Amino acid sequence: MSSGSPFYPVPGVTPDALSPRKEICNYFSSYPIYSLAWSRREDRNSMFRMALSSFLEEPTNKVQIVQLSPHHDPSHTPERPDFGVVGEVNVDYPLTKLLWHPATGGYAQPDLLAGTGDSLRLWECEQTGEPAEMGLHKTNMRLRAKMTTRADYSEPITSFDWNQVDPRLIITSSIDTTCTVWDIETQQAKTQLIAHDREVFDVSFVAGSQDVFASAGADGSIRMFDLRSLEHSTILYEAPVAVAPSSSDPNLGDAAYYPGNGGVPSARLSSLVPPLLRLSCNALDPNYIATFALDSHIVSVIDVRNPGTSVVQLVGHQAPIHAISWSPTSPSQLCSAGADSRVLVWDIQQALTTRQHQQRQALAAAAQAKQLSKLTATNKSDYGDGRQSPKSPTLASGAQTSNAIQAVAQAAAAQALTQQPTNVAPSLTYAARLPVNSLAWHQNSPEWISIGFGNTIQTLRL
């Protein structure tokens with residue numbers, strides 16, 4: 001953390017969120033902001049450039065490209081913007097996500113920006129010499145493609161991911177239960193599959209792979225697929241079942257139906273599997289995926305090598321979480337933001353190390369229990385009538401049986417310990433003015449994180 005970072009260690013009291021000023025850069029839009037994405041290019045003219053989209057309940061929304069002004073003064077007052085608009089286009093509906101071209105294996109010329117909403121759109125973004133505000137130059141945004149699975153109507157697209165290994169591939173998720181893999185060169189769908197039983201809310205390629213991806217949906221599960229073998233999928237995780245009053249019970253409003261409880265309708269409950277809203281695949285380690293459920297205050301981290309349960313739980317938010325992202329340079333760091341206006345940074349390295357130690361202990365205990373069980377079985381009588389073998393005195397046999405039982409119990413306890421997630425507290429926190437809807441971690445300058453709340457974008461330095 002830099003000396004002037006707006007983040008503060010936890011525990012501790014967070015001072016005024018806008019102090020010190022030198023580590024925060026602002027952009028103030030005329031519209032509520034929902035999605036944002038950092039440019040992935042490393043050249044100086046594009047490095048501090050972001051795309052963002054509006055959230056308006058009307059048929060005209062905006063997609064803007066903003067860039068850090070060369071005249072940016074880090075000591076200015078909070079009311080003055082640091083980013084200026086260099087490009088803008090209109091779209092009918094709010095976009096659910098934006099991403100720039102991955103820039104692996106060379107830069108696309110011109111740069112490409114993708115966004116999803118009612119369709120998958122691609123824009124070619126090319127800088128011009130025409131002057132813009134704040135000493136910047138305009139960027140021309142030309143629609144290159146608008147892709148849908150049907151010509152007449154397409155279900156809304158909830159999210160997408162751009163493949164880092166093969167940038168020709170984009171995968172989208174939709175409320176129609178499907179995931180679709182697109183080839184942006186041919187502008188055609190390569191594969192479409194039914195991924196979940198209900199709506200699919202998020203999808204992401206696994207780090208370092210052009211074939212393996214994971215999805216999260218309204219059925220409360222995370223599933224993993226391989227494009228080389230789509231006949232099978234793996235359910236990595238299912239959200240724990242919650243309980244809620246059964247609204248379908250015709251007697252729910254009748255106080256007489258709840259005798260002994262003062263007429264309070266708390267006795268009749270029904271199970272509820274909360275939808276998983278977002279997932280984030282670790283950018284460096286393909287074994288870890290982070291996710292959170294609807295209205296949840298907790299981020300769950302899953303190890304794909306141990307499906308069925310979370311290995312780490314990030315506990316620190318006081319209201320529902322809205323966004324998560326792994327660090328682009330550290331396999332153990334995450335950032336989350338939510339309705340409590342908090343941006344929290346986590347480091348799970350110690351928790352993962354502790355869990356690996358517990359797993360080694362469980363394996364060792366299981367091996368010891370197996371060995372003692374074999375010895376006990378070897379020393380038992382072969383007579384079949386319960387008499388002791390001459391080679392197996394009663395005292396020795398009893399001691400071995402007791403040791404075997406104890407070893408089995410220890411192995412079971414050690415195994416049970418590995419099935420419980422480790423709770424982790426945040427290492428850094430930042431307080432925004434309003435609930436935070438989105439965040440983006442700068443890929444080429446990982447000391448910078450951008451957040452969106454209301455009509456404001458803030459770029460924070462760690």
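**Reading a pocket lining and its strands**

Modeller: In this predicted model, strand β25 supplies 6 residues to the lining of the largest pocket, the largest share. Residues are numbered from 1 along each chain as its sequence is written, and side-chain values use heavy atoms, without hydrogens or water. Local features need pLDDT of at least 70 and side-chain atom pairs 80 or more, whereas totals for chains, interfaces and linings use all residues.

Colleague: What volume does the largest pocket have, and which residues lie closest to its centre?

Modeller: A probe the size of a water molecule, rolled over the atoms, shows where empty space is left. Here the largest pocket has a volume of about 1,400 Å³ (the space filled by probe spheres set on the grid points, which are joined across faces, edges and corners). Lining it are 47 residues, and Lys97, Leu99, Ser280, Ile324 and Ser325 are the closest to its centre. A pocket is an open set of points on a 1 Å grid where a 1.4 Å probe fits, with protein on both sides within 12 Å along at least five of seven lines; lining residues have an atom within 4 Å of a point.

Colleague: Which strands each supply at least two residues of this lining?

Modeller: They are β3 (33-38), β7 (97-100), β11 (157-162), β15 (200-205), β21 (276-281), β25 (321-326) and β30 (438-441). Strands are DSSP runs (E, at least two residues), numbered from the N terminus.

Colleague: How do the linings of the two pockets divide by class?

Modeller: The largest pocket has 26 nonpolar, 16 polar and 5 charged lining residues (Gly counts as polar). The second largest pocket, with a volume of about 380 Å³, has 5 nonpolar, 6 polar and 3 charged. Of its 14 lining residues, Arg44, Asn45, Gln67, Leu68 and Pro70 lie nearest the centre.

Colleague: Strand β7 belongs to the lining; in which sheet does β7 lie?

Modeller: Strands of a sheet pair through backbone hydrogen bonds. Strand β7 belongs to an open sheet of 4 strands, β7-β8-β9-β10, paired antiparallel (pairing requires at least two DSSP bridges). Its edge strands, β7 and β10 (137-147), each pair on one side only. Strand β9 (residues 120-131) is joined to β10 by 9 bridges, and Leu122 has Ala145 of β10 as its bridge partner.

Colleague: Which way do the side chains of β29 point?

Modeller: In a regular strand, side chains alternate between the two faces of the sheet. In β29 (residues 428-431), Leu428 and Tyr430 point one way, Thr429 and Ala431 the other, and all are buried (under 20% relative accessible area, 1.4 Å probe, protein chains only). Strand β29 pairs antiparallel with β27 (residues 342-347) over 4 bridges, where Leu428 is the bridge partner of Val345.

Note on methods
Buried means under 20% relative accessible area, exposed over 50%, partly exposed in between (1.4 Å probe, protein chains only).
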